[in-house]
Amino acid sequence: TQNPFEITNDVSNVYDPIDEFYITISGGSDTGGNVSFTVNGESSSDNIGYPNVGFYTIVATKDGSLNYFDISDSHIIEITKARQADIEITNDVSYVYDPIGTISISVSGGTDITDLSFTVNGKSFDGSLNAPNVDFYTIVATKDGSLNYFDISDSHSIEITKARQADFEIT
């Protein structure tokens, strides 16, 4: 008889865009017998690259050669979302009122493959405050995680203070 043959990968893995995913096996006969793989019914090598978030049914079959029957094992592997790098709104916390000024919200961090969305005091906006009046504003920037990452957000308060008027004199 052959030794037990199995796929040894963990059943749950976090998405990784850097390290390729290899199917690992152990067991079977010590002599002969090539191993073939299918992933979700499609022929594959032991390297399935950088799989996106989802479930993958892997079947590994070891050829029994002349003296053994073929042997196989199947494994369902889940790839789960990864956490993005933190993002941060990098604007100042206080600005002086400027009737023609625009404050563009600046954000650093996160993954570089997704889009940002913004809210100011709970309402969507395009990331630019055009001549905001004196008040406190709570800005939230959200970076969409797309398929493979969790969404990530940062909140930042901005205060607009009164501006000094130009001097004048009564003549």
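The radius of gyration of the chain is 28 Å, whereas a compact globule of 171 residues would have one near 16 Å; this radius is taken over C-alpha atoms, and the globule rule is 2.2 Å times the number of residues to the power 0.38. Along its principal axes, the C-alpha trace spans about 115 × 20 × 20 Å. This is a predicted model, in which local features need pLDDT of at least 70 and side-chain atom pairs count only at pLDDT 80 or more, while totals for chains, interfaces and linings use all residues. Residues are numbered from 1 along each chain as its sequence is written, and side-chain values use heavy atoms, with hydrogens and water left out.

The chain holds 16 strands and zero helices, where strands (E, at least two residues) and helices (H or I, at least four) are DSSP runs numbered from the N terminus. Of the 171 residues, 30% count as buried, a word that means under 20% relative accessible area, with exposed meaning over 50% and partly exposed in between (1.4 Å probe, protein chains only).

Asp46 lies in the loop between the two strands listed here.

| Strand | Residues |
|---|---|
| S5 | 42-44 |
| S6 | 54-62 |

Asp46 counts as partly exposed because its relative accessibility is 33%. Leaving aside residues up to four places away in sequence, Asp46 touches Phe21, Tyr22, Ile23 and Phe37, contact being heavy atoms within 4.5 Å. The C-alpha atoms of Asp46 and Thr24 are separated by 7.3 Å, although the two residues are 22 apart along the chain.
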